[in-house]
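Visitor: Hi, can you walk me through this one? I'd like to hear about its charged pairs.
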Amino acid sequence: MILRPQETWAAIEGETETVQSLYVPYVLVLAAIGPLAQLIGGQLFGYRFLTLTVHPPLGSAIVGALLSYVLTLIGVYVVALVIDGLAPTFGGVKNQIQALKVAVYSFTAAWLAGIFALVPPLAILGLAGLYSLYLLYLGLPRLMKAPDDKALVYTVVVVVVAIVLYLIIAAIAGALAMTQGPALAGSMSLR
């Protein structure tokens with residue numbers, strides 16, 4: 001998908017998949033990279049701000065990583081529903097499995113780029129995950145049968161919805177981690 005996206009989308013188009021076959025193991029493994037890397041990186045290296053290094057409390061960090069992971073799994077499905085729902089608007093054909101394939105495989109680059117969170121100063125390299133936008137642009141017209149001339153606008157609309165969705169996910173994960181993390185941290189303290 002990363003090195004030969006055109007050929008890969010052509011192969012994916014004809015594959016017979018189910019929600020389960022897409023999630024297990026593909027989504028379950030790749031979606032865990034970012035939250036796990038951020039958890040480990042934050043605990044080992046902390047986060048620097050000017051001359052201050054902050055190490056998040058372990059309980060909050062674990063809860064935040066778990067919530068981020070679970071909400072990402074849900075978010076992928078919601079993005080697929082958006083892709084499917086918008087297909088007729090952009091001259092495409094509704095097909096929930098094809099829409100899920102677009103969502104799942106488009107996020108590949110972003111999930112892989114999550115590894116850079118392992119070393120917080122390298123997190124900026126996570127911008128390589130923006131390649132997922134190009135993957136989405138290539139996959140939408142192919143799998144959803146949208147005309148090529150509408151692919152760009154279709155992509156932009158899906159990206160805007162995905163950004164809003166993931167901002168909501170980040171806010172929920174952060175808020176829940178802050179409220180649940182201290183309780184978990186207290187129960188995990190070593191005596």
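Guide: We'll go through the salt bridges here, keeping in mind that this is a predicted model.

Visitor: How many salt bridges are there?
Guide: The count comes to 4.

Visitor: What does Arg-4 pair with?
Guide: Its partner is Glu-7. The N to O distance between their side chains is 3.9 Å. That counts because the cut-off is within 4 Å.

Visitor: Are those two buried or exposed?
Guide: Arg-4 is exposed, at 51% relative accessible area. Glu-7 is partly exposed, at 44%.

Visitor: Next topic. Which residue does Arg-142 bridge to?
Guide: Glu-13. Their closest N and O atoms sit 2.8 Å apart.

Visitor: Where are they in the chain?
Guide: In distant parts of it. Arg-142 belongs to helix H6, residues 131–144. Glu-13 belongs to helix H1, residues 5–14. The two are 129 residues apart.

Visitor: And how accessible are they?
Guide: Arg-142 is partly exposed at 34% relative accessibility. Glu-13 is also partly exposed, at 21%. Glu-13 does not count as buried, because buried means under 20%.

Visitor: What about Lys-145?
Guide: Lys-145 forms a salt bridge with Glu-13, at 2.2 Å from N to O. This pair links distant parts of the chain too, 132 residues apart. Lys-145 lies in the loop between H6 and helix H7, which covers 148–188. At 44% relative accessibility, Lys-145 is partly exposed.

Visitor: Which residues make up the network?
Guide: Glu-13, Arg-142 and Lys-145, linked by salt bridges. Glu-13 pairs with Arg-142 and with Lys-145.

Notes. Residues are numbered from 1 along each chain as its sequence is written. This is a predicted model: local features need pLDDT of at least 70, side-chain atom pairs count only at pLDDT 80 or more; totals for chains, interfaces and linings use all residues. Side-chain values use heavy atoms; hydrogens and water are left out. Buried means under 20% relative accessible area, exposed over 50%, partly exposed in between (1.4 Å probe, protein chains only). Helices (H or I, at least four residues) and strands (E, at least two) are DSSP runs, numbered from the N terminus.
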